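Let's take a walk through this one together. Have a look at the fold, then read on.

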Amino acid sequence: MTPAGGMTVQDHVALAEIELCGELIIAASTAAEERLSQDRIDEVLMSVCP
């Protein structure tokens, strides 16, 4: 997004949240069980944000 002043704005928090959600979606889509356990969710999130 480029504001009127010509500076590029990036919301690093939003980008990080999108990355976390993407990793959780990937983990959920490849899981054998119906739901991810809390331990598996923690494992996925810690692999992205050590």
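How much accessible surface does the protein have, and what share of that surface belongs to carbon and sulfur atoms? The accessible surface comes to about 4,300 Å², and 60% of that belongs to carbon and sulfur atoms. Keep in mind that you're looking at a predicted model. Of the 50 residues in the protein, 6% are buried.

On to the secondary structure. The protein has two helices and zero strands. Start with helix α1, which covers residues 12–30, 19 residues in total. From its first C-alpha to its last, α1 reaches 27 Å, close to the 27 Å expected at 1.5 Å a residue. At the N-terminal end of α1, aspartate 11 acts as the cap: one of its side-chain oxygens sits 3.2 Å from the backbone nitrogen of valine 13.

Now hop over to helix α2, where you'll find arginine 40. The side chain of arginine 40 meets that of glutamate 43 in a salt bridge, at 2.8 Å from N to O. The count for the structure comes to one salt bridge. Why are these two partners about one helical turn apart? Because they are three residues apart in helix α2, which spans residues 38–48.

Is arginine 40 buried or exposed? The answer falls in between: with a relative accessible area of 29%, arginine 40 counts as partly exposed, since buried means under 20% and exposed means over 50%.

One last distance to check on your screen: the C-alpha atoms of arginine 40 and leucine 24 are separated by 9.4 Å, with the two residues 16 apart along the chain.

Technical notes. Residues numbered from 1 in each chain as written. Predicted model: local features only at pLDDT ≥ 70, side-chain atom pairs only at ≥ 80, totals over all residues. Heavy atoms only, no water. Helix = DSSP H or I, 4+ residues; strand = E, 2+ residues; numbered from the N terminus. Expected span 1.5 Å × (residues − 1). Polar contact = N/O pair within 3.5 Å; in protein donor to acceptor, adjacent residues only side chain to side chain. Salt bridge = Lys/Arg side-chain N within 4 Å of Asp/Glu carboxyl O. Buried < 20%, exposed > 50% of the residue type's maximum accessible area, 1.4 Å probe, protein only. Areas by Shrake-Rupley, 256 points an atom, 1.4 Å probe, with all protein chains shown as cover.
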